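User: I would like a close look at one part of this model. Please take me through its pockets.

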Amino acid sequence: MASSLSQTVLFSVLVLLSLHQVCAKKAHLHFYFHEILSGPDATVMTVVKAPNTDSFTFGAIAVIDDMLREGQDENSTLIGRAQGLVGAVGMDGSLETMLNFVFTEGKYNSSTLAIYGRLVQGEPVERPVIGGTGMFRMARGYSIAKPVLTSATKLVYEFDVYIWYKEMKET
Ligand SMILES: *[C@@H]1O[C@H](CO)[C@@H](O)[C@H](O)[C@H]1NC(C)=O
Ligand SMILES: *[C@@H]1O[C@H](CO)[C@@H](O)[C@H](O)[C@H]1NC(C)=O
């Protein structure tokens, strides 16, 4: 009995694994993340300041609603937004980011990706993609972001996102 149960479980796992192989799709997305640091068009807002300082250090929390654009140019086509929370959680200056990338163009319009992970400002960073919605249901993967512009007023990161996902419909 126990052995037939474990065989059934094993069989189900194998079926699920092979379904996964059949249904998984792969995508490489390439775009630029634009953040405006200050002024009336600022896309980042500090909601909790670090004690005794204006710099974004341990204890500070911000919300962002940044622009995802096709290119590095500030006027290149907007393809989505990066919305979420950024917390200065590291004594070493590292940040924790909890972001939803909400796409607004083309076949990925209205689909989202959930990106979560550690960031060190000014350095290339790899973060996990932990899920998605719409076209990107069940998404798993990783993102690589490289800073390509850092000024007093703007930050631009180049993004490469590699994901595996399933186009699923409710049955
Ligand atoms: C982007 O467009 C704005 C408004 O048209 C313009 O003022 C600005 O110079 C443009 N930026 C670049 C880099 O072309
Ligand atoms: C994206 O989807 C929204 C909601 O369905 C729609 O209003 C909008 O026109 C679409 N945008 C593009 C560029 O297709």
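Which strands each supply at least two residues of the lining of the largest pocket?

Analyst: This is a predicted model, where local features need pLDDT of at least 70, side-chain atom pairs count only at pLDDT 80 or more, and totals for linings, chains and interfaces use all residues. Residues are numbered from 1 along each chain as its sequence is written, chains are lettered from A and ligands numbered from 1 in written order, and side-chain values use heavy atoms, without hydrogens or water.

Five strands (DSSP E runs of at least two residues, numbered from the N terminus) do so: β1 (24-36), β2 (44-48), β3 (61-69), β5 (95-103) and β9 (154-166). The pocket (an open set of points on a 1 Å grid where a 1.4 Å probe fits, with protein on both sides within 12 Å along at least five of seven lines) has a volume of about 490 Å³ (the space filled by probe spheres). Its lining (residues with an atom within 4 Å of a point) has 28 residues. E35, V44, F56, L95 and Q121 are the closest to the centre. By class, 16 lining residues are nonpolar, 7 are polar and 5 are charged. Here Gly counts as polar.

Now turn to the second largest pocket. About 160 Å³ of space lies there. β1 gives the most to this lining, with 3 residues. The residues that line the second largest pocket include L29, H30 and F31. E105, G106, K107 and Y108 also line it, as do E70, T77, I79 and F103. This lining divides into 5 nonpolar, 3 polar and 3 charged residues. β1 thus supplies residues to the largest pocket and to the second largest.

Technical notes:
Helices (H or I, at least four residues) and strands (E, at least two) are DSSP runs, numbered from the N terminus.
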